[in-house]
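This report describes a single protein model for a reader who is new to structural description. Please keep the sequence and the three-dimensional view at hand while reading.

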Amino acid sequence: MIKVLRVLLLCGCLAGCGSSSAPNLTGNWQFTIKSSANGNTYTGTASITQSSGPVDSQGAGGLERMVTGTMNFANDPCATAAPLSGTISGSNVILTATEGGQPVSLTGSVNAASTAMSGNYTAPAGGCTNADFGSWAASKS
């Protein structure tokens, strides 16, 4: 009876541990960016690669991963392409797109299936982005 109880407890612990895997952002994404500053909507695509190992085993339960890629814009006056980098920790996403030489910060979250993400963005004052801010959403294609 004690052995059966130990096996049941072990199975319960292992089942609970399986839910801690990080979402995977690797793939191609369709982006929509809506500016609250000027009312414009920008669209584009991104090719994202996520690292397989944790950035810091001490931070975020060892689940923080690096992401890199390139965003390509269809109708953005500041850039047609922007290098993309950042991290994902659990469902939290922090990305930086270097658009026209300026870092645009995109923060948000990804769904459990890793098929959609959304959040808010801010850009620095000056230059082409000139303190732009608003919301963004992306879906994996």
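The sections below treat the basis of the model, its fold, its strand pairings, its disulfide and its interior.

## Basis of the model

The model is predicted; local features require pLDDT of at least 70, side-chain atom pairs count only at pLDDT 80 or more, and totals for chains, interfaces and linings use all residues. Residues are numbered from 1 along each chain as its sequence is written, and side-chain values use heavy atoms, with hydrogens and water left out.

## Overall fold

The protein chain contains one helix and eight strands. Helices (H or I, at least four residues) and strands (E, at least two) are DSSP runs, numbered from the N terminus. Along the sequence, the order of these elements is α-β-β-β-β-β-β-β-β.

The eight strands form a closed barrel in the order β1-β2-β3-β4-β5-β6-β7-β8, and their pairing is antiparallel. From one strand to the next, the twist averages 30 degrees; the angles are taken between N-to-C directions, run from 0 to 180 degrees, and use axes that are lines fitted to C-alpha atoms.

## Strand pairings

Strands of a sheet pair through backbone hydrogen bonds, either parallel or antiparallel. Here two strands are said to pair if DSSP finds at least two bridges between them. Strand β1 is paired with β2 in the antiparallel sense over eight bridges, and with β8, also in the antiparallel sense, over seven bridges. Trp29 illustrates both pairings: its bridge partner in β2 is Ala46, while its bridge partner in β8 is Lys140.

Five residues separate β1 and β2 in their hairpin, and Gly39 in the turn has a positive phi of about 80 degrees. Elsewhere in the barrel, β5 (residues 92-99) and β6 (residues 102-110) form an antiparallel pair over eight bridges. In this pair, Ala97 stands opposite Val104 of β6.

## The disulfide

The structure has one disulfide, a term that denotes a pair of cysteine sulfur atoms within 2.5 Å. Cys78 and Cys128 are the residues joined, with an S to S distance of 2.0 Å. The link of Cys78 and Cys128 is left-handed, with -90 degrees about the S-S bond. Because Cys78 lies in the loop between β3 (65-73) and β4 (81-89) and Cys128 in the loop between β7 (116-122) and β8 (133-140), the pair ties together parts that are 50 residues apart in sequence.

How exposed a residue is follows from its relative accessible area: buried means under 20%, exposed over 50%, and partly exposed in between (1.4 Å probe, protein chains only). Cys78 is buried at 18%, whereas Cys128 is partly exposed at 45%.

## Interior and contacts

Of the 141 residues of the protein chain, 31% count as buried. The largest nonpolar core (buried Ala, Val, Leu, Ile, Met, Phe, Trp, Tyr and Cys residues joined through side-chain atoms within 4.5 Å) has 24 residues, of which Leu25, Phe31 and Met117 touch the most other members. Each of the strands β1 (27-35), β2 (41-50), β3, β4, β5, β6, β7 and β8 supplies at least two residues of this core.

Contact means heavy atoms within 4.5 Å. Beyond its neighbours within four places in sequence, Phe31 is in contact with ten residues listed in part here, including Tyr42, Met71, Leu106, Met117 and Trp136. Thr87, in strand β4, is buried, with a relative accessible area of 17%. Not counting residues up to four places away in sequence, Thr87 touches Glu64, Arg65, Met66, Val67, Asn92, Val93 and Ile94.
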